[in-house]
Every structure is written in structure tokens, then in C-alpha cells.
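Student: I have a new structure open and I'd like to learn how to read it. Can we go through it step by step?

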Amino acid sequence: MGSWISANIGNIVVLTILVVVVVLILSKMIRDKKNGKSSCSCGCSGCPMKDKCHK
């Protein structure tokens, strides 16, 4: 088992970093959604789809 880990340490590190980044992005999106912010990070006043997005 130890030899497999040492042979794949680069892949393990990259995969771990990607998982952390995805979790951070998803948590930020969930927090923004709960706070009523839009997903595009701009105001809805100038958006042509503002009537479709928030009812």
C-alpha cells in the first residue's frame, strides 16, 4: 500500500486540491443563494432575465 501511495503522490495531491476548490466554490454558491445574491455576482436591475429569475 505504501508503494502505491508513493507512486501516485502527485495525483493524490492534485486530486485533493481540486476537491478542496470544488467544495469551497459550492459552499460559496450555497451561502450566496441563502443570502439572496444572484449567481452571476451582478445586480439584477440591468439583467434582461430579471423577471424570470426571481418571482
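Student: How many salt bridges does the structure hold?

Tutor: Keep in mind that this is a predicted model. As for the general idea, side chains of opposite charge can pair when their charged atoms come close. Here, the structure holds one salt bridge. K28 pairs with D32, and their closest N and O atoms are 3.0 Å apart.

Student: How far apart are K28 and D32 in helix α2?

Tutor: Start with the helix itself: an α-helix has 3.6 residues a turn, so residues three or four places apart point the same way. K28 and D32 are four residues apart in α2, so about one helical turn separates them.

Student: And which of the accessibility classes do K28 and D32 fall into?

Tutor: For this you need a cut-off: buried means under 20% relative accessible area, and exposed means over 50%. D32 has 13%, so it is buried. K28 has 40%, so it counts as partly exposed.

Student: How much of the protein is buried?

Tutor: Buried residues make up 5% of the 55 residues. The protein exposes about 5100 Å², and carbon and sulfur atoms supply 69% of that area.

Student: Let's back up to the fold. What pattern does the protein follow along the sequence?

Tutor: Reading along the sequence, you get α-α-α. That's three helices and zero strands.

Student: How do I check the length of a helix, say α2?

Tutor: Compare an expected span with the one in the model. α2 has 26 residues, so at 1.5 Å a residue it should span 38 Å. Its end C-alpha atoms are 37 Å apart, which agrees.

Student: What comes just after α2?

Tutor: Look at G36, which sits just after α2 and takes a positive phi of about 80°.

Student: Which residues form the nonpolar patch on the surface?

Tutor: Among them are M1, W4, I5, I9, V13 and I17, and further along V21, V22 and I25. Together, the patch residues have about 1200 Å² of accessible area.

Student: Which helix gives the most to that patch?

Tutor: α2 does, with nine residues. Both α1 (2-7) and α2 (9-34) supply at least two residues each.

Student: Can you show me one patch residue up close?

Tutor: Take L26, one of the patch residues. L26 lies in helix α2. Its relative accessibility is 46%, so L26 counts as partly exposed.

Note on methods
Residues numbered from 1 in each chain as written. Predicted model: local features only at pLDDT ≥ 70, side-chain atom pairs only at ≥ 80, totals over all residues. Heavy atoms only, no water. Patch = residues over 30% accessible without salt bridge, like charges linked within 9 Å, V, L, I, M, F, W, Y side chains within 5 Å. Areas by Shrake-Rupley, 256 points an atom, 1.4 Å probe, with all protein chains shown as cover. Salt bridge = Lys/Arg side-chain N within 4 Å of Asp/Glu carboxyl O. Buried < 20%, exposed > 50% of the residue type's maximum accessible area, 1.4 Å probe, protein only. Expected span 1.5 Å × (residues − 1).
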